[in-house]
Amino acid sequence: KLLALAEGRRKNAAHEVRWLNLTGFCLRPGFGFPGDDFRIEQARRIYASGLTFANQVQCEIDWWIFCGRIAGGLNRNQQADIFQRLSATLLPKQKQKRPARMNQALYREMWRTAASLELLPQQTKIQLGDALLDTLKRNEMIDAALWCLSRLGARKLFSGPINLVVAPAPAARWVEALLRREHTPQLLDATVHIAQITSDTARDLPPATLEAVRRACETSPRAADLLRQLSGEPDDLAASSRVFGEDLPAGLILAATAPQPA
């Protein structure tokens with residue numbers, strides 16, 4: 001229904017904001033349900049046409065929230081196209097800085113969208129992760145940066161293939177940098193997500209790094225839960241706030257679905 005009523009978003013900025021918010025929420029994660037390919041194709045055409053009220057900051061914010069929510073249903077080329085629109089802001093060239101007046105909520109949602117693009121090349125993810133570590137060093141956007149880093153460095157991707165998991169060496173470097181910070185609940189959650197054991201030597205972090213994560217977890221009041229997550233059993237995709245950075249409505253849970261083929 002929302003896709004059929006897409007033209008209604010052109011009435012005014014408030015309509016566009018609400019349409020983007022509701023449609024992205026209903027479409028997420030964009031795969032796994034019969035007819036999702038068709039619905040995502042319709043949504044992609046709307047994306048290609050761009051925002052009607054691009055001069056309204058809230059429309060821009062909800063635009064990127066919409067893209068991040070449906071990212072799992074987009075193919076590699078479509079995700080690459082979204083990243084191209086983000087890269088100049090998130091990974092500016094040397095000596096070029098992001099505009100000082102950029103709305104912070106908009107900047108945060110652009111990062112969250114980029115971190116949801118699991119089909120990006122490993123090297124691009126590493127560049128993004130390193131930029132996020134710099135952001136954390138400046139004590140900026142801390143909660144969002146931790147969430148984004150945990151998505152980029154995850155050992156088990158939500159919808160992407162295994163070969164696009166960031167290699168253990170850079171992921172271990174991220175984890176070791178995080179462990180040098182104050183061990184807040186958000187930081188430990190991110191660290192565990194990046195270090196989660198898969199029993200796959202091509203993905204698991206070095207034993208010394210895993211031991212450091214275990215020791216950090218043991219200092220937390222949530223030690224048992226964190227250590228269970230670190231062990232990789234069970235796969236905790238039901239914790240939707242880890243995947244989407246937002247909770248599902250009360251009473252709904254996210255069912256695990258098989259990863260898309262490479």
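Exposed, in these legends, means over 50% relative accessible area, buried means under 20%, and partly exposed covers what falls in between. The model shown is a predicted one, and it holds 15 salt bridges. Here are three close-ups.

**View 1. Arginine 45 pairs up with glutamate 41 in helix α2**. Their side chains meet in a salt bridge, 3.4 Å from N to O. Both residues sit in the helix that runs over residues 36–49, and they are four residues apart, or about one turn. Arginine 45 has a relative accessible area of 55%, so this residue counts as exposed. Glutamate 41 comes in at 27%, which makes this one partly exposed.

**View 2. Glutamate 118 and arginine 151 link distant parts of the chain**. Look for a salt bridge here too, with the closest N and O atoms 3.1 Å apart. Glutamate 118 belongs to the loop between α5 (104–115) and α6 (122–137), while arginine 151 is part of helix α7 (residues 142–152), so to speak 33 residues away along the chain. Both partners are buried.

**View 3. Aspartate 225 and arginine 228 meet within helix α11**. The N to O distance in this salt bridge is 2.5 Å. The two residues are three apart, about one turn of the helix, which spans residues 223–231. Aspartate 225 is partly exposed at 26% relative accessibility, and arginine 228 is partly exposed as well, at 31%. There's a wider network to spot as well: salt bridges with shared partners join Asp225 and Arg228 with Asp189 and Arg222.

Methods. Residues are numbered from 1 along each chain as its sequence is written. This is a predicted model: local features need pLDDT of at least 70, side-chain atom pairs count only at pLDDT 80 or more; totals for chains, interfaces and linings use all residues. Side-chain values use heavy atoms; hydrogens and water are left out. A salt bridge is a side-chain nitrogen of Lys or Arg within 4 Å of a carboxyl oxygen of Asp or Glu. Buried means under 20% relative accessible area, exposed over 50%, partly exposed in between (1.4 Å probe, protein chains only).
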